[in-house]
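The following report describes one protein chain, moving from the confidence of the coordinates to the strands, the core and the backbone details.

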Amino acid sequence: PDSIRQMHRFVTSSATSSALAAMAAAFGDNPLGLVPNIATIGGGVGVNDVLHGGPAYNAGLRRNDRIVAVNGSPFTSWTVPIALPAVLTIEREGKSQEVTVMISGR
C-alpha cells in the first residue's frame with residue numbers, strides 16, 4: 001500500500017509538473033520548453049523533462065541535463081529570464097558542452 005501511494009504521488013507530481021511547464025510555454029513564460037528540477041542541489045538547474053517539439057527539445061537537451069550557464073553567465077535559478085536564441089552551457093553525464101537554443105520554427 002505505501003509503495004503504491006508513493007508511486008501515485010510520483011506520477012501525479014511528474015504529470016502536474018509537465019502540464020504546468022507546457023501551459024507556461026504556451027503563454028511564453030517557459031521559452032526553453034522544459035520541465036526544470038527546481039530542487040536541484042549544487043550549481044545550475046536540472047532538467048526533469050523536455051517538452052516534445054519545444055526549443056530545448058529541438059536543440060537536443062535531454063532529461064537529467066543540468067543547465068549551468070546561459071550566454072556565458074551562471075544560471076542558478078529557474079526564475080532568471082531567458083531570451084532566445086541563447087547558448088546554454090550544460091552538463092551531461094559529467095561532461096560540459098554548449099548547446100544553442102533557437103526560437104521554435106526558426
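The pLDDT is the predictor's confidence in each residue, on a scale from 0 to 100. The model shown here is predicted, and its protein chain averages a pLDDT of 81, with 76% of the residues scoring at least 70. That confidence varies between elements: helix 1, residues 2-26, has the lowest mean pLDDT at 60, whereas strand 5 has the highest at 97. Where pLDDT is low, the predicted coordinates should not be read in detail.

**Overall arrangement**

The protein chain contains two helices and six strands, and, read from the N terminus, its elements follow the order α-β-β-α-β-β-β-β. Of its 106 residues, 30% count as buried, and the accessible surface comes to about 6,800 Å², 57% of which belongs to carbon and sulfur atoms. Among the contacts with a separation of 6 or more, 36% are made by residues 24 or more positions apart.

**Strand pairing**

Three antiparallel pairings are set out below, each with its number of bridges and with one pair of residues that face each other across the two strands.

| Strands | Bridges | One residue pair |
|---|---|---|
| Strand 1 (residues 34-37) and strand 2 (residues 45-50) | Four bridges | Leu34 and Val50 |
| Strand 2 and strand 3 (residues 66-70) | Two bridges | Val45 and Ile67 |
| Strand 5 (residues 86-92) and strand 6 (residues 95-101) | Seven bridges | Arg92 and Lys95 |

Strand 2 thus appears in two of these rows, since it is joined to strand 1 by four bridges and to strand 3 by two. Strand 5 and strand 6 form a hairpin with two residues between the strands, and Arg92 of this hairpin stands opposite Lys95 in strand 6.

**The nonpolar core**

Which residues touch the most other members of the largest nonpolar core? In this set of 17 residues they are Leu32, Leu61, Ile67 and Leu88. Strand 2, strand 3, strand 5 and strand 6 each supply at least two residues of this core. Ile67, besides its place in the core, is the bridge partner of Val45. Leu32, once its neighbours within four places in sequence are set aside, is in contact with Gly54, Pro55, Ala56, Ile67, Trp78, Ile82, Leu84, Leu88 and Val101; two core members, Ile67 and Leu88, are therefore included among its contacts.

**Backbone details**

Most residues other than glycine have a negative phi, and most peptide bonds are trans. Against that background, the peptide bond from Leu84 to Pro85 is cis, with omega near 5°, and Pro85 itself is found in the loop between strand 4 (73-74) and strand 5. Leu84, on the other side of this bond, is also one of the contacts of Leu32.

Two further residues depart from the usual sign of phi. Asn64, found in the loop between helix 2 (55-59) and strand 3, has a positive phi of about 80° although it is not a glycine. Glu93, which lies in the loop between strand 5 and strand 6, likewise is not a glycine and has a positive phi of about 50°. Are these residues buried or exposed? Asn64 is exposed, with a relative accessible area of 65%, and Glu93 is exposed too, with a relative accessible area of 75%; both values exceed the cut-off of 50% above which a residue counts as exposed.

Methods
Residues numbered from 1 in each chain as written. Predicted model: local features only at pLDDT ≥ 70, side-chain atom pairs only at ≥ 80, totals over all residues. Heavy atoms only, no water. Pairing = 2+ DSSP bridges. Buried < 20%, exposed > 50% of the residue type's maximum accessible area, 1.4 Å probe, protein only. Contact = heavy atoms within 4.5 Å. Areas by Shrake-Rupley, 256 points an atom, 1.4 Å probe, with all protein chains shown as cover. Core = buried A, V, L, I, M, F, W, Y, C linked by side-chain atoms within 4.5 Å.
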